[in-house]
Every structure is written in structure tokens, then in C-alpha cells.
Amino acid sequence: MTAFMGRQPLYEQLANMLRYRIENEMDPDDPLPSERELSDSYGLSRTTVRLALQELEHMGLIYRQRGRGTFVADVSERATDLMGGYKTTILEFDTIEANKFLAQHMHVILGEKLFRIKRLRSADDVPMMLEVTYLPVSQFFSLTVHDVEQKSLYQIFEEDYNIKIGVAEEEFKASIARSDDATLLQISEGSPVLSLTRTTYNDRNIIVEFTLSVARADQFRYKIVHTRS
């Protein structure tokens, strides 16, 4: 019997324990113990076990077959390229004034007008990443939500505004999901996520994009290919 402690709900503690076993000790299509066996092993109610399994199923770590049981999913098949393969939903498109944080990171003056674009990226109808992008209005004065719905930002930069991209810097760090982000990503508050910051410069070393993203840690494998010209 395993000791459970802390303020985290018991089903989340059990889900974390099972997730560790799945990711480190089990292979795709391996069967999981039944609800009754898990209940007996961990000294928890069937309801708690059922909630934990639902959480793992929602993460895409397990799958169920009626009459057969519960099995480990092949998470390698769910790995998603951060730069493509998405369905994109525009959640918000508005104009704001740069606060101290944005002014500092985008090298603009305090109060400068910025476009703010909030987008949800999904793959196979599973929410993967939440992005909030800031663009200087002075460089994209005629930008509309329709433009963003029809093209990628980099296509807009080059085709509509003749902006040549010089370099894009990305920084990653591990974090936990805040309540509002967790709701949109369909994960529990406090779940592990990957926080990304991207700063894009044009060929004159001027910042044309600043994006803050939150990605589901349970659904991503990130791959970078560096090509030397």
C-alpha cells in the first residue's frame, strides 16, 4: 500500500504514480491492472481509481477496450511538431498598449500600440498549445483577424508586408498550468506544461514578433533541425 499525502486530490496523486510507471516501466499496449486490483493495491476507493484512469485517458496515455481492459497508449504516435500540423483557432484579436514588460522585451516605448493575438493550437481535436502573440501596430497597421485566419504569421510578414525574417530566438522552461490556461488546454490546474518565449527579428534586427506560449507537456516531443548554409 502506498502512502498518499498533501493537499493534491488522491486521484491526481494516483494518476501521477501510474503515469510514472507507464512512461518508465511499461511498453505500448501493455495491460494495466483492473480498477479492483488498483483499488486493492493502493488502498483507494474504486471511484478514486476510476477518476485517475480517466485523467490518464484524457492525457492520451492509456486507452480502453470494452470487455478487454485498459492498455498503455503508444505516445510516440501522438508526438507533435511544434511548428506545424495544427488546427489553429483564433480566440482573441485586439489592440493594446505596451506595458512595462512588453516594452522591455519588444524594445518599444511604453504605451506603444500592439496587436495581441491569442490562438489555440490543436491536433486531432486535442488542445496542444496556447499562444499569445504581440506585433507592433506600426509595422502591421492594416492587419486584420481575417489575415491571421488565412495565413501563417511568417507568410503575412513576407507576402503582405515585405518583411524578411532575420532570426527567431526561442526559450523553453518547465512550468505548471495556471487555471485559465488549464481550462483551454483541457488539463488539470497545476499539470506540467512547457512555457515558450519566441522573439522574432527582421533582417534589420528589429523585433517584429513576441510570442508567449504554453504547451501541454504530456503531448509534445520537440525536434529541432539545424541546417548550416
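Helices are DSSP runs of H or I with at least four residues, numbered from the N terminus, and the exercises below apply this to a predicted model.

**Exercise 1.** Determine which residues of helix α2 are buried, where they lie around the helix, and what follows α2.

*Solution.* Step one is to list the buried positions of α2, which spans residues 35-42: they are Glu35, Leu38, Ser39 and Tyr42. Seen down the axis of α2, these buried residues fall within an arc of 100°, and therefore they line one face of the helix. This agrees with a general rule: an α-helix has 3.6 residues a turn, so residues three or four places apart point the same way. Step two is to find the partners of that face, whose buried residues pack against α1 (10-25), α3 (46-59) and β1 (62-65). Step three turns to the face directed away from the buried side, where Arg36 and Asp40 are exposed. Finally, α2 is followed by Gly43, which has a positive phi, near 65°.

**Exercise 2.** Classify the two partners of the salt bridge between Arg50 and Glu35, and place the pair in its surroundings.

*Solution.* The side chains of Arg50 and Glu35 meet at 3.0 Å, N to O, and the pair links distant parts of the chain, with Arg50 in helix α3 and Glu35 in helix α2, 15 residues apart. Because buried means under 20% relative accessible area, Glu35 at 15% counts as buried, whereas Arg50 at 33% counts as partly exposed. Both residues belong to a network of salt bridges that also links Arg46, Glu57 and Arg64; within this network, the side chains of Arg64 and Glu57 meet at 3.2 Å, N to O.

Terms used
Residues numbered from 1 in each chain as written. Predicted model: local features only at pLDDT ≥ 70, side-chain atom pairs only at ≥ 80, totals over all residues. Heavy atoms only, no water. Buried < 20%, exposed > 50% of the residue type's maximum accessible area, 1.4 Å probe, protein only. Helix = DSSP H or I, 4+ residues; strand = E, 2+ residues; numbered from the N terminus. Arc of directions from axis to C-beta. Contact = heavy atoms within 4.5 Å. Salt bridge = Lys/Arg side-chain N within 4 Å of Asp/Glu carboxyl O.
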